[in-house]
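The dialogue below takes up the reasons behind several structural labels. Each answer sets a value against the definition of its term.

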Amino acid sequence: MDIFAQERLKVKLKEEALSLGFSDMRVCTVEDFSAEDAERLKLWIDCGMSAGMFYLARSLETKIRPRKFFAEANSAIVLSANFYRPSRERRIALYAQGADYHDVIGRKLLPLCKILEDAGGRQKCSVDASPLWEKAFAVRAGIGWRGRNTLIIRRDNGPWSFLGLILTSVKLPADSPVENCCASCMKCVEACPTSALGKMGLDANKCVSYLTIEKKGVLSGDEMRMAGDKIFGCDICLRVCPFGVGAPLAEIPEFQSELKISDAPTKDELRLVARGTPMGRRFK
Ligand code: SF4
Ligand code: SF4
């Protein structure tokens with residue numbers, strides 16, 4: 001495929017992506033990530049910052065060398081979907097207050113894969129549940145920059161984006177990274193109630209999101225105190241980000257709902273509201 005055909009295919013993919021409700025689609029290469037990136041990630045894990053997320057150490061090699069996941073890949077297509085909407089419920093992270101994004105975004109990647117397939121490509125997709133380093137791809141493609149809260153920050157909606165990733169054998173013209181605009185802002189670091197954000201990034205051991213979503217087993221007394229009234233996740237370092245203030249309403253209807261639960265929800269109530277949302281895996 002010559003460069004003009006590649007450009008036309010990219011335009012077609014982007015038009016389809018926007019019509020599906022994605023806020024952006026950008027492309028980058030699938031080259032190995034740099035030795036510096038690899039060293040930083042390894043050091044973060046070796047220092048115990050990843051807490052009980054042992055799968056991160058296991059997938060380190062694939063994160064750094066994405067072709068270990070899909071040897072034929074020539075391009076990575078990165079998609080962002082805005083999930084912002086106003087919600088008074090602060091005990092449950094906003095991303096978890098709607099339909100499970102793994103399913104919603106996963107379904108929306110299929111028409112894009114079909115376009116690539118028709119162009120002769122072979123594809124593999126990822127929505128958070130693969131060893132691929134999605135945030136690093138998002139930075140490389142210029143979907144946003146890596147904020148001090150470790151999330152992908154976009155100028156138009158701050159930290160309120162889900163990511164989807166397609167690795168394809170088709171060669172497409174790559175986009176460029178965008179400038180990191182955190183500058184001297186420290187709002188997320190200062191607002192974190194447990195000082196989980198530091199020079200090395202996120203210390204998951206202290207992060208309320210990790211404690212209430214990922215941590216296996218019973219929380220210790222200290223961990224319970226850190227979690228406070230949070231039931232599933234914590235949005236404090238997202239809500240203070242100036243780029244997310246005044247974010248537009250999510251375009252995808254499945255991400256527009258606001259969860260309503262009682263002041264002291266029982267396990268049964270949580271099980272009921274968790275059905276079909278990202279909380280479903282926690283409250284079975
Ligand atoms: S999610 Fe909450 S606890 Fe974790 S880093 Fe952000 S503000 Fe701190
Ligand atoms: S709050 Fe400030 S430092 Fe944190 S991610 Fe947003 S812009 Fe960057």
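The following questions concern exposure, strand pairing, backbone angles and the surroundings of two ligands.

Q: How should the numbering and the model be read?
A: The model is predicted; local features need pLDDT of at least 70, side-chain atom pairs count only at pLDDT 80 or more, and totals for chains, interfaces and linings use all residues. Residues are numbered from 1 along each chain as its sequence is written, while chains are lettered from A and ligands numbered from 1 in the order in which they are written.

Q: Why is K284 called exposed?
A: A residue is exposed if 12 or fewer other C-beta atoms lie within 10 Å of its own, buried if there are 20 or more, and partly exposed in between, with C-beta atoms placed from the backbone. K284 has 8 C-beta neighbours inside 10 Å, and therefore counts as exposed. K284 lies in the segment after α11 (267-274); helices (H or I, at least four residues) and strands (E, at least two) are DSSP runs, numbered from the N terminus.

Q: Why are A51 and D128 called partly exposed?
A: A51 has 17 C-beta neighbours inside 10 Å, so A51 counts as partly exposed. D128 is partly exposed because 15 other C-beta atoms lie within 10 Å.

Q: What makes the phi values of A51 and D128 worth noting?
A: Most residues other than glycine have a negative phi. The phi of A51, however, is positive, near 50 degrees, and that of D128 is also positive, near 70 degrees. A51 is placed in the loop between α2 (35-46) and α3 (55-58), and D128 in the loop between β3 and α6.

Q: Why is helix α6 described as largely enclosed by the rest of the structure?
A: In α6 (residues 134-141), 7 of the 8 residues are buried, so the helix is largely enclosed. Among the buried residues are E134, F137 and R140. The residue that follows α6 is G142, with a positive phi near 85 degrees.

Q: How do you know that strand β6 is covered on both faces?
A: S161, L163, L165 and L167 on one side, and F162, G164, I166 and T168 on the other, are all buried. Strand β6 (residues 161-168) thus has 8 of its 8 residues buried.

Q: What makes β2 and β3 partners of β6?
A: Two strands pair if DSSP finds at least two bridges between them. Strand β2 (residues 75-82) is joined to β6 by 8 bridges, in the antiparallel sense, with L79 opposite G164. Strand β3 (residues 123-126) is joined to β6 by 4 bridges, also antiparallel, and C125 has I166 as its bridge partner.

Q: Why is strand β1 described as largely enclosed?
A: All is explained by the count: 5 of the 5 residues of β1 (residues 24-28) are buried, so the strand is largely enclosed by the rest of the structure. β1 pairs with β2 in the antiparallel sense over 5 bridges, and M25 stands opposite L79.

Q: How do you know which residues belong around ligand 1?
A: A residue is near a molecule if its C-beta atom, placed from the backbone, lies within 6 Å of it. The residues around ligand 1 include N149, C192, C207, C234 and C237.

Q: What makes up the shell around ligand 2?
A: The shell divides into 9 nonpolar, 2 polar and 2 charged residues. Here Ala, Val, Leu, Ile, Met, Phe, Trp, Tyr, Cys and Pro count as nonpolar, Asp, Glu, Lys and Arg as charged, and the others, Gly among them, as polar. Of the 13 residues around ligand 2, G147, C182, C185, C188 and C241 come nearest.
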